[in-house]
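Please work through the exercises below with the sequence and the 3D view side by side, trying each task before reading its solution.

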Amino acid sequence: MGQVSVEITLKNAGDIAKAASAYIKEQEIRQLVVEAVVDTGAGTLVINEETRQKLGLSIKSEGYATLGDNSRVACQRADPVEILWQNRSTTCHPVVLQDNEEILLGVIPLEDMDLMVDPVRQTLTGAHGDEVAYMVR
């Protein structure tokens, strides 16, 4: 299977809450449209330091991540972001890998948005068609 990339929008979830409470204007929500590699080997959203800074996210914790080659690297966990893809969205705390060139969209946000990789078409698609099916059990 080849590499699947998608355009997603990332929004600072703290800014969204502030806008909902009228502390900031809707147009002040920090957001980016980015190209992300769909990585079913990654657990969550992985961003780099540049993306973290542009979104204005604070660091919540520090730790280590195990990469695909089984090496361990230092990483950080940032404030939550909202991820939007077409008619779907979810919120998660991204992992920040300082010098990572690619943004990775991992399995937890994919499952939360009811998405899967179509290996034949090499695209992202709804796991249950066009309607989102939320898991409740």
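The exercises that follow deal with cores, cysteines, two further residues and a pocket.

This is a predicted model, in which local features need pLDDT of at least 70 and side-chain atom pairs count only at pLDDT 80 or more, while totals for chains, interfaces and linings use all residues. Residues are numbered from 1 along each chain as its sequence is written, and side-chain values use heavy atoms, with hydrogens and water left out.

**Exercise 1. Find the largest nonpolar core and say which elements supply it.**

Solution. Begin with the term: a nonpolar core is a set of buried Ala, Val, Leu, Ile, Met, Phe, Trp, Tyr and Cys residues joined through side-chain atoms within 4.5 Å, where buried means under 20% relative accessible area, exposed over 50%, and partly exposed in between (1.4 Å probe, protein chains only). The largest such core has 25 residues, and those with the most contacts inside it are I8, L10, L45, I83, L105 and L124. Next, look for the elements that give two or more residues to this core: they are β1 (5-12), β2 (31-38), β3 (45-47), β6 (81-85), β9 (103-105) and β10 (115-118), and β2 gives the largest share, with four residues. Strands (E, at least two residues) and helices (H or I, at least four) are DSSP runs numbered from the N terminus. Finally, a second, separate core of seven residues includes V46, C75, L97 and L104.

**Exercise 2. Explain why C75 and C92 form no disulfide.**

Solution. A disulfide is a pair of cysteine sulfur atoms within 2.5 Å, and the structure holds zero of them. The cysteine sulfur closest to that of C75 belongs to C92 and is 13 Å away, so the two are too far apart for a bond. Then consider the surroundings: C75 is buried at a relative accessible area of 10%, and C92 is likewise buried, at 10%. C92 sits in strand β7 (residues 88-92), and, neighbours within four places in sequence aside, C92 is in contact (heavy atoms within 4.5 Å) with T44, L45, D79, P80, V81 and I83.

**Exercise 3. Decide whether D114 and E35 are buried, exposed or partly exposed.**

Solution. First locate D114 in the loop between α3 (107-112) and β10; its relative accessible area is 5%, so D114 is buried. Leaving out residues up to four places away in sequence, D114 touches R88, T125, G126, A127, H128, E131, V132 and A133. E35, by contrast, belongs to strand β2 and counts as partly exposed, because its relative accessibility is 48%. With the same sequence neighbours left out, E35 touches S5, V6, E7 and I103.

**Exercise 4. Describe the lining of the largest pocket.**

Solution. A pocket is found on a 1 Å grid over the protein atoms alone, as an open set of points where a 1.4 Å probe fits, with protein on both sides within 12 Å along at least five of seven lines; lining residues have an atom within 4 Å of a point. Here 14 residues line the largest pocket, and A42, V46, T66, L67 and L104 lie nearest its centre.

Conventions:
Ala, Val, Leu, Ile, Met, Phe, Trp, Tyr, Cys and Pro count as nonpolar, Asp, Glu, Lys and Arg as charged, and the others, Gly among them, as polar.
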